[in-house]
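Hi,

Here's the structure I said I'd pass on. Have a look at it first, and then read on for what turned up.

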Amino acid sequence: MPDSYTFDRFRLDLRGGELLRDNLGVALEPKVFALLSYLVTQRGRLVGRRELLDAIWPDAHVTDASLSQAVASLRTALGDDPRNPRYIDTLPRRGYKFIAEVKEESETIAGELSYHVVFGLQDFVLGPGEHVIGRAHDAAVRINSGEVSRHHARIVISRTGVTIEDLGSMNGTVVSGERLVDRHELREGDEIRLGTIVLTFHTSGGSKSSVTTPLGTKDEANG
């Protein structure tokens, strides 16, 4: 099975267990994520309501109302209009069909990347997970300056990329000239400004390659 699927502006990361829109995470309850994953992997065909109930809630007795609520939550997260669907088509009393064009992505990783935040002569090496930038003693990237808030910004490293967000700091966070109001994707060489404090983001190490297979619906791919 592929590692991830992309459709429109979304990326469904099965291994990482997350849905991203424009590289930013979309909050989904576990059962709603499972529903989306099942519909995408079964794209292009009608999936019956009973099949979905058995697949998403295999060890629990739930009613059709639970499925309807999960579908409604998923549509809200995707911004899908049931009257004019782009992603999930409803066949009344029968089930649902995922109708968007989907691409499969399989990644192979040759070596491990390492991530660095550089401040002057200091080189902070970061691994997967969350890393706070600030002047507090528990900050992963500790900058002892009055211009930097105790918990100023946060970098998140996942297998799908690296993002940074401001944590309500006094002086704000600016990345490559853009003041952050939401999470922002970090790229090699990005300059991070905290007031007049300047940090630089770098990657080093192995290389990552990906193989992308464009598909229409599942029926088209098999036809």
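Let's start with strand 2 (residues 10-13): Phe10 and Leu12 point one way from it, Arg11 and Asp13 point the other way, and all are buried. Buried here is under 20% relative accessible area, exposed is over 50%, and partly exposed is in between, with a 1.4 Å probe and protein chains only. Helices (H or I, at least four residues) and strands (E, at least two) are DSSP runs, numbered from the N terminus.

Before going further, some housekeeping: this is a predicted model, where local features need pLDDT of at least 70 and side-chain atom pairs count only at pLDDT 80 or more, while totals for chains, interfaces and linings use all residues. Residues are numbered from 1 along each chain as its sequence is written, and side-chain values use heavy atoms, with hydrogens and water left out.

**Around strand 2**

Strand 2 has a partner in strand 1 (residues 4-7): the two run antiparallel and 4 bridges join them. Two strands are taken to pair if DSSP finds at least two bridges between them. Asp13 in strand 2 has Ser4 opposite. The hairpin of strand 1 and strand 2 has 2 residues between the strands, and Asp8 takes a positive phi near 50° there. Asp8 isn't a glycine, despite that positive value. It is partly exposed, with a relative accessible area of 47%.

Strand 2 is also joined by 4 bridges to strand 3 (residues 18-21), again running antiparallel. Here Arg11 stands opposite Leu20 in strand 3. These strands form a hairpin too, with 4 residues between them, and Gly17 in the turn has a positive phi of about 70°.

As a reminder, most residues other than glycine have a negative phi. Apart from Asp8, have a look at Arg93, which has a positive phi of about 65° although it is not a glycine. Arg93 is in the loop between strand 6 and strand 7, and at 85% relative accessibility it counts as exposed.

**The 5-7-6 sheet and the helices**

That loop takes us to an open sheet of 3 strands, in the order 5-7-6 with antiparallel pairing. Its edge strands are strand 5 (47-48) and strand 6 (88-91), each pairing on one side only. Strand 5 and strand 7 (residues 95-98) are joined by 2 bridges, and Val47 has Tyr96 in strand 7 as its bridge partner. Helix 3 packs on this sheet, touching strand 6 and strand 7, and its direction makes about 150° with that of strand 6. Contact means heavy atoms within 4.5 Å. Axes are lines fitted to C-alpha atoms, for helices over the stretch in contact, and angles run from 0 to 180 degrees between N-to-C directions.

How do helix 2 and helix 3 cross, and what angle do their axes make? The axes of helix 2 (residues 49-56) and helix 3 (residues 64-78) come within 10 Å and cross at roughly 85°. The two helices are therefore roughly perpendicular to each other; angles of 65 to 115 degrees count as that, under 35 as roughly parallel, over 145 as roughly antiparallel and the rest as oblique. Arg49, Leu52 and Leu53 make the contact from helix 2, with Asp64, Leu67 and Ser68 from helix 3. By type, the contact residues divide into 3 nonpolar, 1 polar and 2 charged. Ala, Val, Leu, Ile, Met, Phe, Trp, Tyr, Cys and Pro count as nonpolar, Asp, Glu, Lys and Arg as charged, and the others, Gly among them, as polar.

**Two threonines**

Thr163 is in strand 13 (residues 161-166) and is buried, with a relative accessible area of 11%. Leaving out residues up to four places away in sequence, Thr163 touches Asn23, Arg154, Ile155, Val156, Arg183, His184, Glu185 and Leu186.

Thr203, in strand 18 (residues 197-214), counts as partly exposed at 32% relative accessibility. With the same sequence neighbours left out, Thr203 touches Ser114, Tyr115 and Glu188. Thr203 and Val117 are 86 residues apart in sequence and 8.9 Å apart in space, C-alpha to C-alpha.

**Whole chain**

The protein chain has 4 helices and 18 strands, and buried residues make up 40% of its 223 residues. Among contacts between residues at least 6 apart in sequence, 48% join residues at least 24 apart.

Cheers
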